[in-house]
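Student: I would like to go through a structure with you. Could we take it topic by topic?
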Amino acid sequence: MERNKVVLVDQNDQTVGEMDKLLAHERGELHRAFSIFIFNSRGEMLIHQRAADKYHGGGLWTNACCSHPQMHEDLEQGALQRLQFEMGLVCPITPLFSFIYHAKVENDLIEHEFDHVFVGYSDDTPLPNPAEVQDFRWISVRKLHEEILTSPEKFTYWFKSALDQVLETLEQTKSFAANR
């Protein structure tokens with residue numbers, strides 16, 4: 001499942017072009033992305049450690065799945081396919097919100113993404129793709145916050161940027177409490 005291109009967008013998420021993924025990250029071009037947060041019936045969040053040889057974020061912990069939709073691909077369908085490819089999970093997902101972030105990351109790369117955030121619920125055991133995922137675990141939100149406070153360098157920028165907004169949005173919609 002090659003995803004070597006990104007869809008360039010404006011501040012309103014309108015498509016303005018397509019570019020090689022690495023080049024977009026070298027130049028800091030705004031492009032479309034998605035992030036999926038998965039919870040189980042105990043209210044724990046699925047996080048994974050990115051494979052060590054990823055071009056950025058290798059070895060860092062992050063949400064269940066994140067990637068870039070391709071040109072003319074349905075966003076939600078692409079996210080579902082990527083979740084199955086990376087984590088071996090199949091479950092419904094729901095869009096929560098979108099946000100833009102901009103951050104310098106390692107290897108002189110720049111993350112500048114219009115990130116569409118989805119949430120899903122599953123009690124299935126992930127079957128991760130070793131080319132994408134080094135490790136995974138289910139973790140309570142309280143424990144996750146403690147780990148981020150004590151070792152923020154172990155987590156991806158986008159994950160830390162979206163986490164509290166994900167939790168706040170779920171609390172506001174009561175879907176988190178209803179699915180615990």
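Student: To begin, in which strand is G17 found?
Tutor: This is a predicted model. In it, G17 belongs to strand β2, which covers residues 15-20.

Student: And which residues is G17 in contact with, leaving aside its neighbours within four places in sequence?
Tutor: Those are V6, V7, L8 and M71. As for V7, its C-alpha is 6.0 Å from that of G17, although the two are 10 residues apart in sequence.

Student: Switching to cysteines: how many disulfides does the count come to?
Tutor: The count is zero disulfides. C66 is in none, and the nearest cysteine sulfur, that of C65, lies 6.3 Å away.

Student: Why is C91 not in a bond either?
Tutor: A disulfide requires two cysteine sulfur atoms within 2.5 Å. The closest cysteine sulfur to that of C91 is in C65, at 10 Å, which is too far for a bond.

Student: Is C66 buried or exposed?
Tutor: C66 is buried, its relative accessible area being 11%. C91 also counts as buried, at 7% relative accessibility.

Student: Now pockets. What volume does the largest pocket have?
Tutor: Its volume is about 420 Å³. The lining comprises 26 residues, and those closest to the centre are K21, K54, S67, R82 and E132.

Student: Which elements each supply at least two residues of that lining?
Tutor: They are strands β3 (31-39), β4 (45-50), β6 (65-67) and β8 (109-121), together with helix α2 (75-87).

Student: How do the lining residues divide into nonpolar, polar and charged?
Tutor: The lining of the largest pocket has 11 charged, nine nonpolar and six polar residues.

How values were computed
Residues numbered from 1 in each chain as written. Predicted model: local features only at pLDDT ≥ 70, side-chain atom pairs only at ≥ 80, totals over all residues. Heavy atoms only, no water. Buried < 20%, exposed > 50% of the residue type's maximum accessible area, 1.4 Å probe, protein only. Helix = DSSP H or I, 4+ residues; strand = E, 2+ residues; numbered from the N terminus. Contact = heavy atoms within 4.5 Å. 1 Å grid on protein atoms, 1.4 Å probe; cavity = no way out; pocket = protein on both sides within 12 Å on 5 of 7 lines; lining within 4 Å. Points joined across faces, edges and corners; volume = space filled by probe spheres on them. Nonpolar A, V, L, I, M, F, W, Y, C, P; charged D, E, K, R; others polar.
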